[in-house]
Amino acid sequence: MRVLIKGGHVIDPKTNTNGIMDILVEDGIITEIGKDIEIPNGDIIYAEGKMVLPGLVDAHCHLRDPGFEYKEDIETGTMSAAMGGFTSIACMPNTDPVCDNEAIVKYIINKAKQDGFVNVYPIGAISKGQKGEELSEIGELKFAGAVAISDDGKPLKSSSLMKKALEYSSMFDIAVISHCEEMDIADGGVMNEGYWSTIMGLKGIPSAAEEIMVARDIILSEYTKVPVHIAHVSTELSIDLIRHAKKRGVKVTCETCPHYFVLIDEACSGFNTLAKVNPPLRTKKDVEAVIEGLKDGTIDMIATDHAPHHNDEKNVEFNLAANGMVGFETALPLAITYLVKPGHLTISQLVEKMCVNPSKLLGINKGTLEIGRSADITIIDINEEFVVDINNFKSKSKNSPFNGFKLNGSVYYTLVNGNAIVREKILL
Amino acid sequence: MALKSKDLLGLKDLTAEEIHYILNTAKTMKVILLSKNKKTPHLQGKSIITLFYENSTRTRLSFELASKYMSASAANISVASSSVAKGETLIDTGKTIDMMGADVIILRHSMSGAPHLLARNVNASVINAGDGMNEHPTQALLDMFTIIEKKGSLEGLKVAIIGDIYHSRVARSNIWGMTKLGAEVSVAGPSTLIPPELERTGVKVFNTVQEALIDADVVMGLRIQLERQKKGLFPSIREYSRFFGLDEKRLKLAKEDALILHPGPVNRGVELPSSVVDSDKSLINEQVTNGVAVRMALLYLLTRRDSDESIN
């Protein structure tokens, strides 16, 4: 089976490719990249005027399967990912049961093989049941196929356990992803503490709640000499702390999410629960700092934190509403519209943040168009303008604060192992 | 004129004109309230439901009497706060009440924004009778009514609000309402009980009660909740009272004819000494009467938003 992608603008920072080229895929593998490739027969995709990128890699999403299939399952989650141009996604372990043992890891991998549209990589829990008490069987998680460990959604309260998690996991060379939130000071808050929480009479979460934990984890990483990855960074000081740590040579990496460079806490006004997320949407100066961090390389990658929730969990009192928003189907266009179009990042830099660096973190062989690699390819029109319509989402959940946003950047094709699962913007 | 919205969710959303309209209507209602035969047919055929998820004596009774004085059918529902998370959802409860023909649902809830959620999901008018730390618009309306009755207008008046501003929906509603009507609002309280960036609402924030009181025309004490002490927000009632209590000596900093208000219930000897509560300057009892008049006005205006008739 041959697929030829003709005439597209191929961007692959890993191989320093940036120009009009053809890509030949044979039996799911990239076999040739060059000018004017011809094939006698096979599937020809005409990509003139479009950009051909490595399939996007998401280091942080929630597929809700097992346990919360009413929000999302592996089938719908991977459909949504494919529509957004993602070909490899790593799902967080806060399922029910928690993904803290090899049985659940295998369940996810097997179900993804059966029902999944894209490559799915489970992330195991750091602690059993994400309770923050005892370490999970991290070695077994790794050998079952987990690509990282995290207690995402729940911070690891005990500094001692965090230190042990870093030390122990280093044996297995598996990434540790930390959700940074000091719960004492967050104290049941429901949005960023600041002007808008004052205005609405909602309990605020101080930015310090995130920053204290970022500082702690940097210190533990430096002390143990084990890398740590900070999830969903959202504040100016967090970014500054990471910048400083990197200068000291600490092996810290971090991600942010599109909502942290697009929205501010004001989005919660009118008690809009769609804008309720953890960490909460911050302020203008934080958004500027996130963009600056992306530009200067302090922030290594953009993750979606795709967090599907049922309407019944959002259409309630603000205090009771679930945290999070779906992200697969808006992440790339938001990045193009808010980072590439204004000139903060080149498209090549964006590919580093959405393909190369997440692959490196997870230790998976993805995020590049090298010859010999499996053909995970995303073809986009970065100029095409469209209006976000949640009713078009393939995700089971529609909890997006971006409905009605006018964005640039449409995903035309998503190829996984050489199979076009999205073709001319339609999921097959 | 008519009120723009079917609901009264907060004073943040009202125009100065709408506030004046409500307060002027309340003047007429007060005449009715003080007459011997406290019964008018204005709400005949209307059904008014109070839905309270928090305990309340005065606000609830005030609404209930306002409804009854105007011949509405009134009913009360109390839901224990503890069952909010596990029981029937607010929207389902609200829709049930709506379907039984309610014209107005008066909601008190421990969570900010609950009335907004209810209002979006029912046809009935929703009146916010206090939501979390957000707003308590009818309390602020009655406070403003009381002040205007004595001073003629809020324009240019200096108002000092003292106490736990952070948790106070009364303070928030008064800040919105009074600044809209041209008052200059100052607040003072322990710095742990002042919400961040409050100055951006246009009020002056002080850390000493003395600074806020200088030349004040109106002084409003807020109730201090004992449980805040356990959360470490201030060390003791004793220290609170020592630094923020509104005693006679401090009140001398205010204008001689300054009015004293308090939304009640008062912790005597904490926010205010009994001698101040019971003094001539104190309008605390007057506030209660005016509360009924203001609520009568609101119920009247909201139930005939579609007609041009006016009681004035």
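# Worked exercises on a two-chain model

A:S410 counts as buried, since its relative accessible area is 6% (buried means under 20% relative accessible area, exposed over 50%, partly exposed in between, with a 1.4 Å probe and protein chains only). We're working with a predicted model, where local features need pLDDT of at least 70, side-chain atom pairs count only at pLDDT 80 or more, and totals for chains, interfaces and linings use all residues. Residues are numbered from 1 along each chain as its sequence is written, chains are lettered from A and ligands numbered from 1 in the order in which they are written, and side-chain values use heavy atoms, with hydrogens and water left out.

## Exercise 1: two serines

Work out the surroundings of A:S410 and of A:S169.

Step 1. Place A:S410: look in strand 17 (residues 406–416) of chain A. Helices (H or I, at least four residues) and strands (E, at least two) are DSSP runs, numbered from the N terminus.

Step 2. Find its polar partner. The side chain of A:S410 makes a polar contact with the side chain of A:E384, at 2.9 Å. A polar contact is a pair of N or O atoms within 3.5 Å; within protein, one must be able to donate a hydrogen and the other to accept it, and residues adjacent in sequence count only if both atoms are side-chain atoms.

Step 3. List the contacts (heavy atoms within 4.5 Å). Skip the neighbours within four places in sequence, and A:S410 is in contact with A:I379, A:I380, A:D381, A:E384, A:F386 and A:K425.

Step 4. Now do A:S169, which sits in helix 4 (residues 159–170) of chain A. Its relative accessibility is 0%, so A:S169 is buried. A polar atom of its side chain lies 2.8 Å from the backbone oxygen of A:A165. Not counting residues up to four places away in sequence, A:S169 touches A:I138, A:I149, A:K164, A:I174 and A:V176.

## Exercise 2: salt bridges inside chain A

Trace the salt bridges A:K396 to A:D73 and A:E222 to A:R248.

Step 1. Recall the idea: side chains of opposite charge can pair when their charged atoms come close. The rule used here asks for a side-chain nitrogen of Lys or Arg within 4 Å of a carboxyl oxygen of Asp or Glu. Over all chains, the structure holds 35 salt bridges.

Step 2. Take A:K396 and A:D73, whose side chains meet at 3.0 Å, N to O. This pair links distant parts of the chain, 323 residues apart: A:K396 is in the loop between strand 16 (377–387) and strand 17, and A:D73 in the loop between strand 6 (56–61) and helix 1 (74–83) of chain A. A:K396 is partly exposed at 36% relative accessibility, while A:D73 is buried at 14%.

Step 3. Take A:E222 and A:R248, with 2.6 Å from N to O. A:E222 lies in helix 7 (residues 207–224) and A:R248 in the loop between helix 8 (236–247) and strand 14 (252–256) of chain A, so the pair ties together parts 26 residues apart in sequence. A:E222 is partly exposed at 32%; A:R248 is exposed at 53%.

Step 4. Don't miss the network of salt bridges that links A:K6, A:D22 and A:E38.

## Exercise 3: the interface

Describe how chain B and chain A meet, starting from the area they bury.

Step 1. Get the area. About 1800 Å² is buried between chain B and chain A, 57% of it on carbon and sulfur atoms; buried area is the accessible area (1.4 Å probe) that two parts lose on being put together, summed over both. B:M111, B:S112 and B:P196 supply 24% of the area that chain B buries against chain A, more than any other three residues.

Step 2. Count residues: 25 from chain B and 19 from chain A.

Step 3. Count the polar links. There are 5 residue pairs in polar contact between the chains (both at pLDDT 80 or more). Helix 4 of chain B gives the most to the side that touches chain A, with 5 residues.

Step 4. Find the salt bridge. The rule gives 1 across this interface: B:K231 with A:D187, the closest N and O atoms being 3.0 Å apart. B:K231 is exposed at 53% relative accessibility, and A:D187 is partly exposed at 33%.
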